[in-house]
Structure formats: C-alpha cells, structure tokens
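Here are a few exercises to try with the structure on your screen. Have a go at each task before you read its solution.

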Amino acid sequence: MNDLSTYVKRIKDGQVVAFPTETVYGLGADAWNPSAILDVFKTKGRPSDNPLIVHVSSKAEIREFSDTLPNTALSLIDAFWPGPLTLVLKKKANVLDLITSGLDTVAVRMPDHELALSFLSMTGPLVAPSANKSGRPSPTKAEHVKNDFGKDFPVIDGGATTIGLESTVVDLSDGKVVLLRPGKIGVTEIESVLNEKVLFSDSEATVPKSPGQKYSHYKPNAQVVYGTIDQIDDSFFYLLLDRRWGKSRNTINYNGDLEKLSRELYDRFRQADQFGYKKIYVEDLSSYKYEQPSFYAALKNRIEKACTEDLNA
Ligand code: TXA
Ligand code: MG
C-alpha cells in the first residue's frame with residue numbers, strides 16, 4: 001500500500017515526486033511553485049525550451065490554466081477525459097512561463113488512473129514530464145524511475161502502467177486541430193468526435209509547435225534498428241511482430257499485437273540494456289498499419305526517434 005500523505009507533503013514542501021499514470025510514470029511538481037518546477041528540469045536534465053504538461057484531477061481544473069476553451073476542447077474532454085489525451089490551449093496570463101517555456105499555450109491532461117487521480121486531488125495540479133533522465137526511454141514501472149534517479153528516489157508505486165506510451169498531444173490553440181504527438185487515442189477517434197479533419201504538425205516550421213519533437217528521445221543504451229528482419233543473430237535482441245518466427249532467449253514475438261508491444265516497448269528496451277545487448281532490432285510494423293492505426297502511429301513515432309542519432313550531440 002502506498003501511503004500518499006508523505007508524498008503529498010513532499011509536493012507541498014516544493015519537492016518532486018514520481019507517480020504512475022495510465023501511460024507512463026510522471027515526475028510531479030506543484031504547478032504553481034517555480035523552484036519545484038526548476039527542480040524537475042534539473043532532475044531530468046531537460047532542456048528549458050521543452051514545455052511541461054499540467055496534470056489535473058478534474059475536468060473543471062483546466063479553467064485554472066486556460067479560460068479560452070474552444071468547442072473542440074469541450075468535446076474532446078467530454079469524450080476522452082480522464083484519459084491519455086493532452087490538449088494544448090491558449091494559456092491564462094498567470095500560468096508560469098517555466099511550464100510553457102515562454103509559449104502562449106499550455107498543455108493539460110487528466111490521467112485515467114485511480115492512484116494518480118487521488119494523489120492529484122490531494123496536491124492540486126502538478127506538472128509532470130515522463131520520469132526518466134532526458135533522452136532515455138520513459139518509465140513504465142517504478143523500478144525504471146529508480147534506475148534513472150537512484151534507489152531512494154520518491155516514487156509512488158502503482159505497478160506496470162497499462163498503456164506504456166505517452167499521451168496523444170493535440171494543439172487546439174489556433175482554431176485548428178493539430179496532432180503534435182501520436183498516442184493510443186488516434187486521429188480517427190478524434191475526427192469522429194469532432195467531425196473535423198485533424199492536421200499534422202509541420203516539422204519544418206521554424207518555431208516548432210511541439211518543442212519536444214526536436215530532441216532525441218526514448219533511447220536505451222543499445223542501438224535501436226527498425227526494419228524487416230531476415231535472420232536472427234544470437235548476439236542481438238529482437239522485438240518481432242511476425243507470426244512466422246519461433247521463440248528463443250533473445251527474441252520476443254508479439255504476434256501482431258501492437259497494443260502489447262506498446263505496453264512493453266520501453267521495458268524491453270531497458271531489459272536489453274540490462275542483458276548487455278548492443279543492438280535491438282524492432283521488426284517492421286507496417287503490415288498492421290490499418291488493423292491498429294493508433295498504436296501503429298504511436299509506436300512508429302517512438303521507435304523512429306529511438307533509432308535517430310542524437311540531434312543535439
Ligand atoms: O503521457 C504523458 O503525456 C506523460 C505522463 C507522465 O502524463 N507525460 C509526458 O510528458 O509525456 P513529457 O514532458 O515527456 O512530454 C510532453 C510533450 C513534449 O513533447 C512537449 O514538447 C509537449 O508535450 N508540450 C508541452 N507543452 C506544450 C505546449 N504548450 N505546446 C506544444 N507542445 C507542448
Ligand atoms: Mg518524455
């Protein structure tokens with residue numbers, strides 16, 4: 001059992017606490033406390049131009065951060081909150097620039113997780129980036145947080161998260177509906193609620209709409225390689241999708257289950273590191289593109305980022 005009161009006290013004292021959500025573990029700090037928020041950036045080693053998501057425990061609380069909610073926001077909140085959908089909206093003047101990295105928008109979500117919601121209802125709104133060292137795979141278990149931040153780091157243990165990939169992020173701040181980060185809630189589901197086309201963010205834009213997208217992310221120490229796989233080599237680690245492959249110590253076969261791969265991806269990345277593998281091969285997902293479009297888009301986005309060389313090196 002987690003006794004939340006000691007963690008609530010830490011937050012009230014301006015300290016950070018990691019907590020579970022349905023997507024990944026978050027590194028929480030009081031959304032109204034500048035020094036606590038600075039500590040989040042410091043703990044993660046996160047660039048200060050990458051803004052944070054505010055987490056709330058009720059739909060009404062979003063009004064503390066944005067008072068210009070378009071109808072699209074109201075419909076999406078109605079349909080998907082609590083849930084893995086983050087909305088980017090025009091921010092109220094008093095929202096701290098530290099959260100938004102100076103942008104005039106703020107990202108908000110209400111997680112669908114009992115422990116997270118009880119915690120948030122006791123602390124008030126928390127900023128919470130994924131609770132990993134910047135650039136590393138997001139944590140889906142309490143032990144992952146401790147691996148990154150040390151064994152005594154304060155983590156509320158809620159077991160393994162059920163979704164395993166971060167929330168879908170949608171920008172509604174400009175009169176349009178723009179997907180900034182794909183997640184479990186897919187474009188088709190959003191379009192069917194809004195009766196409106198979802199646009200894709202222009203990654204060529206000089207001012208990136210979602211600053212996080214320009215940094216390398218989700219990377220284990222092993223090199224991640226994505227594509228078709230013709231043979232299995234004993235010295236590498238394989239995440240396979242195709243039913244034709246058998247089982248061996250260094251292969252995990254997902255048999256086309258992208259939901260399960262999403263749930264386990266980051267854990268497998270960290271496991272491969274623990275076993276000392278130098279390369280992780282992830283099999284091409286494209287034959288499941290139409291069967292499971294939202295998990296396909298979310299997985300492809302994370303895997304491709306995990307494959308890229310460090311853009312800031
Ligand atoms: O599932 C999740 O969203 C997890 C859990 C803990 O809730 N959190 C998470 O936070 O993934 P983080 O900080 O790792 O990712 C936040 C993403 C980044 O890509 C960031 O650039 C984007 O949201 N973001 C935050 N505020 C924004 C804003 N005002 N405009 C555009 N993008 C924003
Ligand atoms: Mg993150």
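## Exercise 1: two helices that meet

Start with the orientation: α1 and α5 are oblique to each other. Angles under 35 degrees count as roughly parallel, over 145 as roughly antiparallel, 65 to 115 as roughly perpendicular and the rest as oblique.

Before the details, some ground rules. This is a predicted model, where local features need pLDDT of at least 70 and side-chain atom pairs count only at pLDDT 80 or more, while totals for chains, interfaces and linings use all residues. Residues are numbered from 1 along each chain as its sequence is written, chains are lettered from A and ligands numbered from 1 in the order in which they are written, and side-chain values use heavy atoms, leaving out hydrogens and water.

Task: work out how α1 and α5 cross, and which residues make the contact.

Step 1. The axes of α1 (residues 4-12) and α5 (residues 114-123) come within 10 Å and cross at roughly 45°. Helices here are DSSP runs of H or I with at least four residues, strands are runs of E with at least two, and both are numbered from the N terminus.

Step 2. α1 passes α5 in a right-handed crossing, meaning that the near helix is turned clockwise from the far one by less than a right angle.

Step 3. On the α1 side, look for Leu-4, Tyr-7, Val-8, Ile-11 and Lys-12; on α5, for Leu-115, Ser-118, Phe-119, Met-122 and Thr-123. Contact means heavy atoms within 4.5 Å.

## Exercise 2: around the sheet

Task: find the strands at the edges of the sheet, then check how β4 and β5 run.

Step 1. Nine strands form an open, mixed sheet, in the order β1-β2-β6-β3-β5-β4-β7-β8-β9. Two strands pair if DSSP finds at least two bridges between them.

Step 2. β1 (17-19) and β9 (199-200) each have a single partner strand, so one side of each lacks a neighbour in the sheet.

Step 3. β4 (residues 85-90) and β5 (residues 105-109) run antiparallel, joined by four bridges. Leu-87 stands opposite Val-108 in β5.

## Exercise 3: two residues of α7

Task: is Glu-191 buried or exposed?

Step 1. Find Glu-191 in α7 (residues 187-194).

Step 2. Glu-191 counts as buried because its relative accessibility is 18%; buried means under 20% relative accessible area, exposed over 50%, partly exposed in between (1.4 Å probe, protein chains only).

Step 3. Now try Val-187, also found in α7. At 22%, Val-187 is partly exposed.

Step 4. Beyond four places in sequence, Glu-191 touches Glu-196, Lys-197 and Val-198, while Val-187 touches Leu-179, Val-198 and Phe-200.

Note on methods
Axes are lines fitted to C-alpha atoms, for helices over the stretch in contact, and angles run from 0 to 180 degrees between N-to-C directions.
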